[in-house]
Amino acid sequence: MTSTHTAQCHCGQVKITCTGEPYPVFMCNCTLCQRRTGSPVHIGAWWPMEDVTIEGKTKAFTRTTGEQGREVTFNFCPDCGTSIWWGGQTQGDHPLVGYYGIAGGCFADPEFPPPTHSVYERTKHPWISAPDGIPCFSSTFDDPSVMAEIREKMQKR
Ligand SMILES: [Zn+2]
Ligand SMILES: [Zn+2]
């Protein structure tokens, strides 16, 4: 049987059901995610869009992100404010096109798969450590070889 993971916002109005295991799972230490989540580190877990069901109403906030000035739209619960999903682009050549990112903390599951990559370590709080052996980046992961590896692993899942 295929596993499912279920995320919800703080009040429970938004519920997201994901089939299978996420890949990649980023821990992001950037200052924008720190403000957005109210937490020093954000966990972003990615699934192909067809494996994700989103229920409930959300509002969107778009920000320009990273050195490339890419626009990312974050979707949050209008009742409780939890920033719960983003991505969902269907066009472009970024490896995460066709994928939804879901906030790892919204699964509230201690068994949730750990991060596979750590990004924006230059603004990481010094007491936070990435899991042993995962690739860590001072800013984003936009190195062509890393992008290629992520893309390859995504196609295999
Ligand atoms: Zn809510
Ligand atoms: Zn971030």
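In the predicted model, seven strands are arranged as an open sheet whose order is 6-7-8-9-4-3-10, and the pairing within this sheet is mixed. Its edges are formed by strand 6 (59-65) and strand 10, each of which pairs on one side only. Between neighbouring strands of this sheet the average turn is 30 degrees, with direction ignored. Within the sheet, strand 3 (residues 25-28) and strand 4 (residues 42-48) run antiparallel and are joined by four bridges, and M27 has I43 in strand 4 as its bridge partner.

A further open sheet comprises three strands in the order 1-2-5, and its pairing is antiparallel. Strand 1 and strand 5 (52-55) lie at the edges with a single partner strand each, so that one side of each remains without a neighbour in the sheet. The twist from one strand to the next in this three-stranded sheet averages 15 degrees.

The pairing of strand 1 with strand 2 (residues 15-19) is antiparallel and rests on five bridges. T4 of strand 1 stands opposite T19 in strand 2, while Q8 has K15 in strand 2 as its bridge partner. The hairpin made by these two strands has six residues between them, and in this hairpin G12 adopts a positive phi near 90 degrees. In a regular strand, side chains alternate between the two faces of the sheet. For strand 1 (residues 4-8), the covered face carries H5 and A7, whereas T4, T6 and Q8 belong to the uncovered face.

At the level of the whole protein chain, the secondary structure amounts to two helices and 10 strands, and the elements follow one another from the N terminus as β-β-β-α-β-β-β-β-β-β-β-α. The radius of gyration of the protein chain is 15 Å, close to the 15 Å that the globule rule gives for 157 residues, so the chain is as compact as a globular protein of that length. Along the principal axes, the C-alpha atoms of the protein chain fill a box of roughly 35 × 35 × 30 Å. Of the 157 residues, 32% count as buried. Among the contacts in the protein chain with a separation of 6 or more, 56% are accounted for by residues 24 or more positions apart.

Two loop positions may be described in turn. V41 is placed in the loop between helix 1 (31-37) and strand 4. This residue, V41, counts as buried because it has 20 C-beta neighbours inside 10 Å, the cut-off for burial being 20 or more. When neighbours within four places in sequence are left aside, V41 is in contact with M27, N29 and I128; M27 is the residue whose bridge partner in strand 4 is I43. The C-alpha atoms of V41 and T19 are separated by 25 Å, the two residues being 22 residues apart along the chain, and T19 is the strand 2 residue that T4 stands opposite.

P126 is located in the loop between strand 10 (117-119) and helix 2 (144-156). With 5 C-beta neighbours inside 10 Å, P126 counts as exposed, since the corresponding limit is 12 or fewer. Between the C-alpha atoms of P126 and T65, which are 61 residues apart along the chain, the separation is 23 Å. The two loop residues thus fall into opposite classes, because V41 counts as buried and P126 as exposed.

Methods: Residues numbered from 1 in each chain as written. Chains lettered and ligands numbered in written order. Predicted model: local features only at pLDDT ≥ 70, side-chain atom pairs only at ≥ 80, totals over all residues. Pairing = 2+ DSSP bridges. Rg over C-alpha atoms; globule rule 2.2 N^0.38 Å. Contact = placed C-beta atoms within 7 Å. Axes fitted to C-alpha atoms, helices over the stretch in contact; angles between N-to-C directions.
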